[in-house]
Amino acid sequence: MSSTLDRRLFLTSLLGAAAGVAGLSGCADGTAATSAKGASTAPLATEVPAGTSLKIASFQNAQELQFKLAKLPKLPFTVSSWLNIGAGPDVINAFRAKSLDLANNAGIPPIQAYYQGFDAKIVAINVTRKPNYLFATKPGSDISSVADFEGKRLAFSQGQAQGVVLLRALKKAGLAYDDVTLVPLTSNQFLTALQSGQVDIAPLGNSQAPAYLQQYEAKGARTITTDVVDLLSLLWAPVSVLNDRAKAAAVAAYIPQWAQGQVWQYEHPDVWNKEFYVKTQNLTLPQAEAITALANKPLFPPSWDEAIAWEQETADLLAEGGFVKKFDVSPLFDHRFEHLAAEAVPAEYRK
């Protein structure tokens, strides 16, 4: 991809299925569509009206299981469905279809939604200080560092956390986008692409690496760790949901338990290893323990200043590569919810 035109064509091919014609029409003139229009600033209701319900993302059923195991108080609204959905492009699709009201993602999907002209807001932040991703090589590879990525084919998902981790790693290693070949894929295609040799490198979550190495390390596959982090784990929702007074109140009621559930998981790794990784993900107990040993301590900042600065850096990094147009990310945050997560957890879990 040696030109801005190439990158725009790449963007279109990557987002075509996820965004649809309507999503990209807002960018037809080459400028980012204005997002977060008409977002409510009305004070949040102190009680959730009877009959209120939300459709909430629970990738691999982890969120639902976490709430069950933590034995948190009954939510003051109905969860009409827990959706097994996690990838940013899939979440945006579900938001558009009105089949999802609230999701947990990294920092990049809200940027992608903005660029597509979809109105959504961030309502809660968990700061991650340790890497959640590493880089895996295809079998038979001699790649041993990020510097070796030059001239190689890299799995790249622009709309997901893995994409920004890759871009940050390249920048830190002094590699330009034109020094590598970015292969547009979504994260659920990464393992197959590695196994088949379609790509030389793919970023994998810490939880994916043990099973991949168990199968392919003997065939020459390896992992490459870096200190590159994806700082933000967040909750976000469509503006149409947040403008609904009852649903906004439900989101506000959900956030404290979302934070408390993550604290519980962090404090009970033995239970989580057995009940989630072993029973639902078919990992061995040693593999599960290796994953939780890398787990981030959840941190919920009372102020979102650092999160906003990080999100701006991420958007700027994408703009530098010609993937999006430069824009101010501050409208992506709904500050009515800013204090809720931090107030719900012990002081040691407040950033």
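Which elements do the buried residues of α2 pack against? Keep that one in mind; a few ground rules come before it.

This is a predicted model, where local features need pLDDT of at least 70 and side-chain atom pairs count only at pLDDT 80 or more, while totals for chains, interfaces and linings use all residues. Residues are numbered from 1 along each chain as its sequence is written, and side-chain values use heavy atoms, with hydrogens and water left out.

**Stop 1: the whole chain**

Show everything as a cartoon. The protein chain has 13 helices and 10 strands (DSSP runs numbered from the N terminus: helices are H or I with at least four residues, strands are E with at least two). Of its 351 residues, 54% are buried (buried means under 20% relative accessible area, exposed over 50%, partly exposed in between, with a 1.4 Å probe and protein chains only). Take the contacts between residues at least 6 apart in sequence: 81% of them join residues at least 24 apart (contact means heavy atoms within 4.5 Å). Switch on the surface and you are looking at about 14700 Å² of accessible area, 51% of it belonging to carbon and sulfur atoms (Shrake-Rupley method with a 1.4 Å probe; for residues, only the protein chains shown count as cover).

**Stop 2: helix α2**

Now select 62-70, which is helix α2. Its buried residues are Ala62, Gln63, Leu65, Gln66, Phe67 and Ala70. Here is the reply to the opening question: they pack against β1 (53-57), β2 (78-83), β3, α9 and α10 (269-278). Step just past α2 and you meet Lys71, with a positive phi of about 50°.

Stay with Phe67 and add Trp82 and Tyr254: ring pairs link these three into a cluster (rings of Phe, Tyr and Trp, the last by its six-membered ring, pair if their centres lie within 6.5 Å; planes under 30 degrees apart count as stacked, over 60 as edge-to-face and the rest as tilted).

Next, pick Gln257, which sits in helix α9. Gln257 is buried, with a relative accessible area of 8%. Leaving aside neighbours within four places in sequence, Gln257 is in contact with Phe67, Leu72, Pro73, Lys74 and Leu75.

**Stop 3: a three-strand sheet and its helix**

Colour β3, β10 and β4. They form an open sheet in the order β3-β10-β4, with antiparallel pairing (two strands pair if DSSP finds at least two bridges between them). The edges are β3 (103-106) and β4 (120-127), each pairing on one side only. On average, neighbouring strands of this sheet are turned by 35° against each other, direction ignored (axes are lines fitted to C-alpha atoms, for helices over the stretch in contact, and angles run from 0 to 180 degrees between N-to-C directions). Between β4 and β10 (residues 232-238) there are seven bridges; to see a partnership inside β10, click Val127 and Leu232. Helix α9 (residues 245-267) packs on this sheet and touches β3, β4 and β10, its direction making about 25° with that of β4.

**Stop 4: strand β5**

How many of the five residues of β5 are buried? Five of the five, so β5 is largely enclosed by the rest of the structure. Both faces are covered: Tyr133, Phe135 and Thr137 lie on one side, Leu134 and Ala136 on the other.

Look at the neighbours too. β5 pairs with β8 (residues 201-205) in the antiparallel sense over five bridges, and two bridges join β5 to β9 (residues 223-224), again antiparallel. Ala136 is a handy residue to click: its bridge partner in β8 is Ala202, and in β9 it is Thr223.

**Stop 5: rings**

A search of the whole structure finds 14 aromatic pairs. Select Phe135 and Phe149, an edge-to-face pair at 5.4 Å centre to centre with 80° between the planes. Phe135 lies in β5 (residues 133-137) and Phe149 in the loop between β5 and β6 (153-156), so the pair ties together parts 14 residues apart in sequence. Phe135 is buried at 1% relative accessible area, and Phe149 is buried at 0%.

Then jump to Trp304 and Phe333: the ring centres are 5.9 Å apart and the planes at 50°, so this pair is tilted. Trp304 is in the loop between α11 (285-292) and α12 (305-320), and Phe333 in the loop between α12 and α13 (340-343), so the pair ties together parts 29 residues apart in sequence. Both residues are buried.

**Last stop: charges over rings**

Finish with Arg168, whose charged end sits over the ring of Trp310, 3.8 Å from its centre (that takes NZ of Lys or CZ of Arg within 6 Å of the ring centre and within 35 degrees of the ring normal). Lys297 has its charged end over the ring of Tyr349, 5.2 Å from the centre.
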